[in-house]
Amino acid sequence: MKAFLEKKGVLAALIAAAGALLAIVSLEHGPGKGGSLLLSLLFFIAVVEGCIAAAAAGTVVNARWVASVREELLSVSPLLLLSSFLLLLLIPFLDIYPWAGTPGIWLRKDFFIGRNLVFLLLAYDTARRFAAAPAGGEGTKVRAAWYLLVFVVSQSLTAFDLVMSLEYPWVSALFGGYFFIEALYGGFAVSALLYLLLHGRPAAGNAPGTRSDLSDLSILMFGFSIMWAGLFFAQYLTIWYGNIPEEVGFIARRVAASPLRELSVAVLFLLFFIPFPALLATRAKSNPYVVSAAALSILTGILIERYVFLAPVVRFSPGALMIDFACLLLLFVAVMYRRSRGAAREA
Amino acid sequence: MAAAEKYAKVDRDVLAAMKRPGRAYLAGLAFAVLLAVMFHLLWAYQVRSGLGVVGKMHPVMWALYITNFVFWVGIAHSGTLISAVLFLFRARYRTSFNRAAEAMTVFALMVAGMFPLIHLGRSWVFYYLLPYPNQRQLWVNFRSPLVWDVFAVGTYFTVSLVFFYVGMIPDFAAAKQHVLGVRKKIYTVLSLGWQGTQKEWRHYNMLYLFLAAFATPLVASVHSVVSWDFAMSIVPGWHTTIFAPYFVAGAIFSGTAMVITLVVPMRKYLSLHEYITDDHFESIAKILLFTSLIVSYAYIVEFGLAWYGENIFERETFRYRLLGDYRYFTWTMLFCNSVVPLTLFARRLRRNTAYLFAISILVNVGMWLERFVIIVTSLSHDYDPYAWGIYKPTFVCLGVDIGSFGLFFALYLLFVKNLPVLSISEIKEHL
Amino acid sequence: MADRMVFEDREQFLEGLRELVRDGVPRERIRVITPFGVPEVEEILPGTRSRVRFFALIGAAGGTVTGLAFTILTALSWPLVIGGKPIVSLPPFIIIAFALTILFGALATFAGFLLLSRLPSLQGIRSEEEHGNAFVILVEDGERR
Amino acid sequence: MKRRDFLWLLGVISGSTVMSACGSPNRSAKFTSYLLPPEEGVVPGEASFRPSTCTECPAGCGVLARLREGRPVKLEGIPGHPVNDGGLCVRGQSSLVRLYHPERLRGPMARDGGKLRPIPWKEAFSRVEGSLKASREKGRKNLFLSGRTTGSLSRIADAACERLGIERLPEYEVYSHTAVKEANALLFGERDVPHYRIEETDFLLTVGADLIETFVTPVAYTRKISSARAGGGFLWYHVEPHMSLTGGNADRRFTVAPGRERLLLSFLLREVMARKTPGGRLPGEILSAFPPATAESVSRGAGIPPESVKEIADRFVAAKRPLLIAGGVSTEQPEGLEVAVAAALIQYAAGAVPERVDFARSENYRNVGTLRDMEELSARMGRGEAGVVFLFRTNPVFSLPPRLAFRENLKKTELSVGMGEFLDETVREADLVLPLSHSLESWGDVEPRRGVVSLLQPVLPPLYDTLSDGDALLRLLGNSDGKGSASGYRDLLAAAWEKRLGEAGKARLLEKGFVEETLPKRPVSLGVRRAADALRSANRTEEIGKPVLFLAPSIRTFDGRGRDLPLLSEIPDPLTTITYGPWISVSEKTAARAGVRDRDGVTVASADWKAVLPVKVQPGLPEGVFVVCRDALPAPPVRTDRRTGGAVDRIEGVGITKTGKKVEVPILSGSFSQQGRGLIPDPVHLDEGRRHQRWTLYPAHEHKEYRWAMAVDLDRCNGCAGCVAACHVENNVPVAGKADHLKGREMSWLRIEPFYEKGEVEFLPMLCQQCDNAPCESVCPVFAAYHNPEGLNVQVYNRCVGTRYCSNNCPYKVRRFNWWQHRWPEPMERMRNPDVQVREVGMMEKCTFCIQRIRAAKDKAKDEGRKVRDGEFTTACAQSCPTGALTFGNMLDKESGVYRLAHSGRAYRVFESLGTEPSVHYLRGRKP
């Protein structure tokens, strides 16, 4: 299996296969196929772009921890290519967008798909250039910066287009920022997990600094948990205080009834009330179990939140969701695993 | 050069600033004080005659005063950012700015704090805004953003002051050894009898770390609260979820600009080139660029969504901003805040202090205009068309606003001559 | 009578300190005075971690509680409906609580610092002795073994 | 002090920089002065009501004066009064300001050495006596000129003049309705203005008659129209050459080319003859005076689309009980007589006379003279034939054209005696000034309409050394020939009332304030000969020099007599929202061509006259027509109609040229278009947007026993602004003055927003909406604004610190801020309502549904151990509204009127999408 994975071209084949499978699943008729694809797509675009963004951000501010997980983080870039293909699969599904009936200048299917596609591809391209560059050096920083710019735009677009316009004319200006911060948040979580898998539980006598790498990541997660809470609060407070029916509807529809209400609360916990206290103590920041727990809760949080966003408007089919999600997850793990093996061999 | 010699040099150079002032300095100080006096006279005049003497009107009930309030609070922020956040990020170049920045924070907050009072219709009962048990047992309305302000800004000021002072304790101890007479006494007392023993240093480092940790969230929270003074309303152009982060970025943006505006001349006048190098300026310039990008992002999103949504009120407000009576302000703002800073992508310009100084002035102007545009355009064209109106300032509010700058610079000039403008101990530590 | 060694150079000073420790001078007898914080000293003479952090913790916690209690109780003491918002509307109150958390936290930390490092110390203020930029090691009643 | 200076001073005072910002007007509190003897029952803190009659204009509306501590603080219409039936217009509401005006004359004055100096009454009368004698000896004629007087006063005046050998001149009124009277004289031998029974018609066609602004008895007609509308099956078309408030409120408005009304009317007459009353009531010789015409020819001449011409005719013919009223600008022009005659004939032909055109109850304009009479007077004075000239409650110097040189000629008399309340343009010129009391200080009666006696009684003793109209005349008599009636005017009135009404009638008059006699219908016969002659002499009009400027009447100050009252200048003109200063209304097309915008200064010039005025672009105004409100124009260039002798309020061949300067004139409205924001959705029933689900995150808060709410029927509201004035007086709303208005700092709690849609105007009364989820409340840091258990959005003035956030956050912008410490110049502060706090500088204030009235009503109910009944009381605005557009009440009471209206199909609320849940419900259906 391992050996197989490391063969040349296998990865490409795998991705193609997955793409085909997903295509079949989501294009065959039946309710909720598109919804399922959209959900898994939203989650993985966030995580994948987040991982690369994390690496990029680390590189720009030349943080120490980057070195230890950079390669693996960047290895996921091919998935962006796949995602941009999957985006095309959404075309038949666009009709559930409320504006689909009356297209405008901005909200019209071709432009809609077009711009998102372009930015996904751009993200892919910039990510590859960044990955190709050597670890150190100004040049790399510049490339990283470029990626970050694209990343911000692309995530904002996914937020405003794929999610927000589902509730047209509901509007929240913060939505884009909220999304890319969250993606970055997820990116750090993944980095932390990666770090534990690669250099996991080092012996006490291990080279100094490694521990502090982990705690650096923890600090980042900790900081971002506060930041996330801040953004969430800013958004909620504004809507709650203004109490303008059109705005409030978005929240009201999600907290009106079970199970969405519970899930919404769960999101709060998974993304803040668990990671924050968990990582509060200095010692906890370098405790593998705490950190991995926090990281997992963050990733689950993001996933559930995406679900909560879509649920009132979109229908899902559990089966399709299962397949879509599983495929992407496997690929995600596969590429990283393969890269790390490769790294190990070089070492 | 021998270690002792190096340390001694640091002392000399930094404390050289405290030597007897030159003409230029005195002239500047005199001018600043003059403005400060005008500030207070005009305020008195306003209190006596009623708020009618400022140009405010129905519907534009807030204008220059609130603009300035937001502006000065914003200025304060980068101080905390540089001293606290960069400290946590272990950014070395912070050492050369933090003292100046912290001083700026404190003074800016002093000035900012006055404006809410000035703009009150009945300044003489300002204490109604404080939570105290009055004879009717009626407390303040904690649901009102303005009360959040009282708490946020109050906290911010206190913490910054403590931070500012704590940072100076060892320096007072060092300074007292180089001065004589009354000053010596004052510094000695201010140094609290600091010896520099291991125990003191241990607690001191922990304290500093925690103060930094406490101050950091303030950078975000305070200006978020300020932004909510607007976002909580339902005024089109104010009621936007992005306001909090948008204002925070804007605050740091303008604050960083102000740091540059202050430090460039200070470095020149006090000849601190060895301690404040071009590299340091470059790093600060990067912050400027970065925040400018965020602000621009916010502009794009705001205007974009106003156009995207089907909310005719929002749409009209933003159309009015771009093409209405205040369009020149808007365009200037966009130019100063979004276009000019882009030049900082060029490394050469980032290292050119003269250029940075020029830019920093422009950015200050731009950010001041931003607040003005946000406040005034939104108010003058909100829901009921009958109530639309155009606001024109009068000499009183203009005078008070200009005067506030005088107040600020007066305080700052006094600081430069009387307190260590760089963190002596930290510089030595990093030698 | 403390015997004192004065160094001009950081490294020499650290050397001297290490030497003393190697010579087995009891740590509690050694006092060092430095013009700026020297992290290595902590490694050479490891003391207990500063307890200032507990003050911070307590202060912050106290702030949060006060903030929430204050807002909620005052709201309930005279329940006025405004803008249709609930009497106890948490979102706004959280902001107050947050502000007080920071405030109390910071002040408590500062107080803790003063308390633990015995500042302001009158004798420190009165004492004429100045060490300039010297690194000083004091060993209380210093007979060596 | 001149009026101008006074206004200026008001501005200065309100903007005064010398007073302490912390000073409180409440510190200047006075002791309760028992102006009335205790047995009159002055209970401090309790209000009593006394009936009297409004004398702001000739209409004679009945008013109830609300007394507190013995001084009137508010006027309200008398319910059931034959003229105004409870309603009161903006002028009537402001009458109190006249009473307490600081510039009122405080005693008789005489001119010596060019300056007026105070003298005692005795001396004043002896001077008069002396001059009378002197001029008699010189063979000069003594003359008595007054404004329109009716009832006992008129009789006293006659008597006095007769006894003293003074020639009583025809009364002088600016709006004398000469042409109408002339026409009626010609046709029916009735030289008077009939009373029009609008309530009995199903189709009303008005030609130029400004029923709502000034036409004879505006409040009465306003009331009648809205009651007719309420009855249903009523339609009202209005034809006018310009754009007036009346036109804006008609169901349909047609603009006719100036001076071409008669084309339309003659066509209509023929149609009526041919189709309505075949065989007809009109003899041919009269009919022949009206050349046959087709809709097309009429429309060519009159500039009305042919289909509209047909429509008007069809409606009129089809209607069962049609009524036509011609008047106003359409009759005050050279063709006026023809218009009036044609109108009268149509009325006659359509059988409206005498059922709906009632001469029995004519409006008592008999004694009112014409402009020509004034010409003659002026000429006589000029020739030095005039001895003593009494100028009694009339201001010709202001309203007469300069060519009459009245002012100059006045100097050539033996003695000119100015009798009035103010040192107005005329009295100022007099040699002797005799101050008259305000009607609220005087006994008297008026008979505004035949058979309607309305009481004038003093509700407080004269503030100054003045005499009531009657007493002044009596004293004149008494002094002139030894005996006279020692006893005052009051006894004389008592006798007269007893004689005319009997004991019971007199009692009823004193109690109710009015008595209405039952009069038999007066059938009139058409004087064929006179009519035919008149028509033969009818002038085939020459071309009219375009463009045309109309001197239109204004609802605010009638013919300008209200200009002295700051409150009336403070309240915006309904169509233009202009408060202070004159302006010229220019049509949109003309403005575009001349490249002028609002506030541009222009020189308005005709052949023999010119003035510089700021422009107001007036939607709906036909091209080539300018309008200037006559009240704002001193010595207007009116001509005299050569046949009727009436005034011609039309100036031909007027041109405007830009001066290039902006003129500072306060236009309060920021936008005359709704900007597509659906403040007045049209039609509301199709507006489904407002029916979307209303999400909220807040728990509902319930209201105990009361929840006050208001319903505003936009189909009734005509923008007359009576409510605004009422609110000002009731709530001590300060007068801000021009300087602040220029900054947009009006203080009025209630405003009327005019919105134009292709020339059609609609009015939206905007007051605090008392939102259930009020955005203003939550942002107030000090709980100055909060939601009380009765659903009111109350404002605790003393708690307010003046952050002004509430105003920023109010989508309706109905909160007012005290930029200054507003002062009420002595003695105006006496008219302040003690039940309402006077706000200090720096405080935010706003409408709270007259919470003081709510309290009073609840206390009363509590004493009687019951809940407040629906309609038991109402807010000041609702009380004053002549059209009954405002309904106030308790939403929790399912029986209440407001509940019913709020749940009617026409109901909606402004900016419903904001989720503020207002308590003010607007009603609007489709226009017919």
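This text walks through the contact between chains D and B, the nonpolar cores, and a set of charged residues. The model is predicted.

Start where the two chains meet. Chain D brings 65 residues to the contact, and chain B brings 53 residues. The size of an interface is often given as the accessible area lost when the parts come together. Here chain D and chain B bury about 4700 Å² between them. Carbon and sulfur atoms account for 59% of that area. On the chain D side, D:Arg677, D:Tyr805 and D:Asn808 lose the most area to chain B. Together these three make up 15% of what that side buries.

Polar links also cross this contact. Between chain D and chain B there are 30 residue pairs in polar contact, both residues being at pLDDT 80 or more. Four elements of chain D each supply at least two residues to the side that touches chain B. They are strand E30 (751-757), helix H23 (775-778), helix H24 (805-808) and strand E34 (816-817). E30(D) gives the largest share, five residues. By residue type, the side of chain D that touches chain B divides into 32 nonpolar, 20 polar and 13 charged.

Salt bridges between chain D and chain B number two. One of them pairs D:Lys813 with B:Asp382. Their closest N and O atoms are 2.6 Å apart.

Now look at the nonpolar interior. The largest nonpolar core has 557 residues. Within it, B:Trp228 and D:Ile584 have the most contacts. Helix H5 of chain B, residues 145-176, gives the most to this core, with 18 residues.

D:Ile584 repays a visit. Leave aside its neighbours within four places in sequence. D:Ile584 is then in contact with residues including D:Leu549, D:Val602, D:Val604 and D:Ile656. Other contacts of D:Ile584 are D:Leu613, D:Pro614, D:Val615 and D:Lys616. D:Phe626, D:Val627 and D:Val628 touch D:Ile584 too. There is also a second, separate core, of 39 residues. Among its members are D:Ile119, D:Ala124, D:Phe125 and D:Leu436.

Next come the salt bridges of the whole structure. Over all chains, a search finds 104. Take B:Glu282 and B:Arg350, whose closest N and O atoms are 3.2 Å apart. B:Glu282 lies in helix H9 (residues 278-308) of chain B, and B:Arg350 lies in helix H12 (residues 347-350) of chain B, so this salt bridge ties together parts that are 68 residues apart in sequence. Are these two partners buried or exposed? B:Glu282 counts as buried because its relative accessibility is 7%, under the 20% cut-off. B:Arg350 has a relative accessible area of 10%, so it is buried as well. The pair also belongs to a wider group. B:Asp279, B:Glu282, B:Arg347, B:Arg350 and B:Arg351 are linked in a network of salt bridges.

Chain D has salt bridges of its own. The side chains of D:Arg168 and D:Asp158 meet in one, at 2.7 Å from N to O. D:Arg168 sits in strand E7 (residues 167-168) of chain D and D:Asp158 in helix H4 (residues 151-164) of chain D, so the pair ties together parts that are 10 residues apart in sequence. D:Asp158 has 38% relative accessibility, so it counts as partly exposed. In another salt bridge, D:Glu845 joins D:Arg839, with the closest N and O atoms 2.9 Å apart. Both D:Glu845 and D:Arg839 are buried.

Turn to D:Asp358, in strand E13 (residues 357-358) of chain D. What does a relative accessible area of 4% make of D:Asp358? D:Asp358 is buried, because 4% is under 20%. Its side chain makes a polar contact of 3.2 Å with the side chain of D:Arg197. The side chain of D:Asp358 also reaches the backbone nitrogen of D:Arg361, at 3.1 Å. Not counting residues up to four places away in sequence, D:Asp358 touches D:Pro194, D:His195 and D:Arg197.

Finish at D:Arg823. Where is D:Arg823 placed? It lies in the loop between E34 and strand E35 (844-845) of chain D. D:Arg823 counts as partly exposed because its relative accessibility is 38%. D:Arg823 and D:Asp608 are 215 residues apart in sequence. In space, C-alpha to C-alpha, D:Arg823 and D:Asp608 are 43 Å apart.

Technical notes
Residues are numbered from 1 along each chain as its sequence is written. Chains are lettered from A and ligands numbered from 1 in the order in which they are written. This is a predicted model: local features need pLDDT of at least 70, side-chain atom pairs count only at pLDDT 80 or more; totals for chains, interfaces and linings use all residues. Side-chain values use heavy atoms; hydrogens and water are left out. Contact means heavy atoms within 4.5 Å. Buried area is the accessible area (1.4 Å probe) that two parts lose on being put together, summed over both. A salt bridge is a side-chain nitrogen of Lys or Arg within 4 Å of a carboxyl oxygen of Asp or Glu. A polar contact is a pair of N or O atoms within 3.5 Å; within protein, one must be able to donate a hydrogen and the other to accept it, and residues adjacent in sequence count only if both atoms are side-chain atoms. Ala, Val, Leu, Ile, Met, Phe, Trp, Tyr, Cys and Pro count as nonpolar, Asp, Glu, Lys and Arg as charged, and the others, Gly among them, as polar. A nonpolar core is a set of buried Ala, Val, Leu, Ile, Met, Phe, Trp, Tyr and Cys residues joined through side-chain atoms within 4.5 Å. Buried means under 20% relative accessible area, exposed over 50%, partly exposed in between (1.4 Å probe, protein chains only).
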